[in-house]
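Here's a quick walk through this model, from its sheets down to a few individual residues. Keep the structure open as you read.

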Amino acid sequence: MLDPFCQCFSFWSKSDENSEIGNTVSKIEESDVSLDLNRAGQDVVIVKNGKRLCGTGGAISNAPITQNKAYFEVKIRSGGRWGIGLSTKRVDLNKVPLGCDGESWVLRNDGNFFNNNEIKFKTNKNFDEGDIIGVTYDHELLNFFLNGDNMETSITGIRGTVYPVFYVDDGSILDVQFDSFYHQPPNGFDRIMIEKSIL
């Protein structure tokens with residue numbers, strides 16, 4: 001079995017089988033939002049212009065969610081243990097799984113959603129390689145979609161400035177989509193906007 005670092009690069013070098021997906025990936029690389037190379041676990045590998053996460057540990061985006069209705073997606077490239085959700089900047093990205101503290105709200109590969117080391121909901125969905133998980137957040141509700149279908153999760157009680165957060169372990173590889181989505185975002189939701197100061 002290849003180590004996670006080699007697996008990550010072997011996936012990076014493979015071309016997409018579907019030309020439509022290949023076109024989507026090239027558009028995604030032009031986005032301003034990506035995984036933050038300066039805020040990631042020490043054993044995490046981030047490649048593909050800040051869009052692919054592998055190794056062991058977590059990473060957050062380089063931009064918080066500031067608009068009212070934000071959407072992002074994750075493609076599961078390789079199974080293993082993973083988590084997708086939101087966190088504050090105070091989350092410890094070296095400790096996986098995330099969701100064990102009050103700083104992260106995470107859907108895990110087993111279908112359980114954790115915050116503060118408590119299961120907030122369970123889903124009976126199975127996640128497979130190639131699945132697309134969509135995430136919506138409107139400062140009141142966090143919700144997840146599986147291949148475009150609403151999972152009806154509706155997590156509430158998230159406070160403060162939050163960032164998209166992801167973790168990987170046991171050979172998992174995730175591709176993060178911050179724009180040029182595989183599925184149409186729900187009505188009123190859009191990609192994460194970077195707040196720019198005007199001087």
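## First sheet

This is a predicted model, and one open sheet in it is built from seven antiparallel strands, ordered β1-β4-β13-β6-β7-β8-β9. The edges belong to β1 (35-40) and β9 (118-122); each has a single partner strand, so one side of each goes without a neighbour in the sheet. Going from one strand to the next, the twist averages 30 degrees.

Inside that sheet, β6 (residues 81-87) and β7 (residues 104-108) run antiparallel and are joined by five bridges. If you want a spot to check the register, glycine 83 sits opposite arginine 108 in β7.

## Second sheet

There's another open sheet of seven strands, with antiparallel pairing and the order β2-β3-β14-β5-β10-β11-β12. Here β2 (44-47) and β12 (149-150) take the edge positions, and since each has a single partner strand, one side of each is left without a neighbour in the sheet.

For a look at the pairing, try β3 (residues 52-55), which runs antiparallel to β14 and is joined to it by two bridges. Leucine 53 has leucine 174 in β14 as its bridge partner.

## The whole chain

Stepping back, the protein has 14 strands and two helices. It runs to 199 residues, 51% of which count as buried. Take the contacts between residues at least 6 apart in sequence: 64% of them join residues at least 24 apart. The exposed surface comes to about 9800 Å², with carbon and sulfur atoms supplying 42% of it.

How confident is the predictor? The average pLDDT is 87, and 82% of the residues score at least 70. Residues 12-31 are another matter: pLDDT stays under 50 there, and the model gives that stretch 26 contacts beyond four places in sequence.

## Around serine 104

Serine 104 belongs to strand β7. Is serine 104 buried or exposed? Its relative accessible area is 1%, so serine 104 is buried, given that the cut-off is under 20%. Its side chain makes a polar contact with the side chain of aspartate 101, at 3.0 Å.

Leaving out neighbours within four places in sequence, serine 104 touches a list of residues including Leu86, Ser87, Val91, Leu98 and Gly99. Phe114, Asn115 and Asn116 are also in contact with serine 104.

## Loops with unusual backbone

The loop between β6 and β7 holds proline 97. The peptide bond joining valine 96 and proline 97 is cis, with omega at about 10 degrees.

Asparagine 116, one of the contacts of serine 104, lies in the loop between β8 (112-115) and β9. Its phi is near 55 degrees, a positive value in a residue other than glycine. With 44% relative accessibility, asparagine 116 counts as partly exposed.

## Asparagine 147 and tyrosine 182

Over in the loop between β11 (142-146) and β12 you'll find asparagine 147. Asparagine 147 isn't a glycine, yet it has a positive phi of about 50 degrees. Its relative accessibility is 32%, so asparagine 147 counts as partly exposed.

Now look for tyrosine 182, in the segment after β14 (173-177). How far apart in space are tyrosine 182 and asparagine 147? They're 8.6 Å apart, C-alpha to C-alpha, with their positions 35 residues apart in sequence. Tyrosine 182 also counts as partly exposed, at 23% relative accessibility.

How values were computed
Residues are numbered from 1 along each chain as its sequence is written. This is a predicted model: local features need pLDDT of at least 70, side-chain atom pairs count only at pLDDT 80 or more; totals for chains, interfaces and linings use all residues. Side-chain values use heavy atoms; hydrogens and water are left out. Two strands pair if DSSP finds at least two bridges between them. Helices (H or I, at least four residues) and strands (E, at least two) are DSSP runs, numbered from the N terminus. Axes are lines fitted to C-alpha atoms, for helices over the stretch in contact, and angles run from 0 to 180 degrees between N-to-C directions. Buried means under 20% relative accessible area, exposed over 50%, partly exposed in between (1.4 Å probe, protein chains only). Contact means heavy atoms within 4.5 Å. Accessible areas come from the Shrake-Rupley method with a 1.4 Å probe; for residues, only the protein chains shown count as cover. pLDDT is the predictor's confidence in each residue, from 0 to 100. A polar contact is a pair of N or O atoms within 3.5 Å; within protein, one must be able to donate a hydrogen and the other to accept it, and residues adjacent in sequence count only if both atoms are side-chain atoms.
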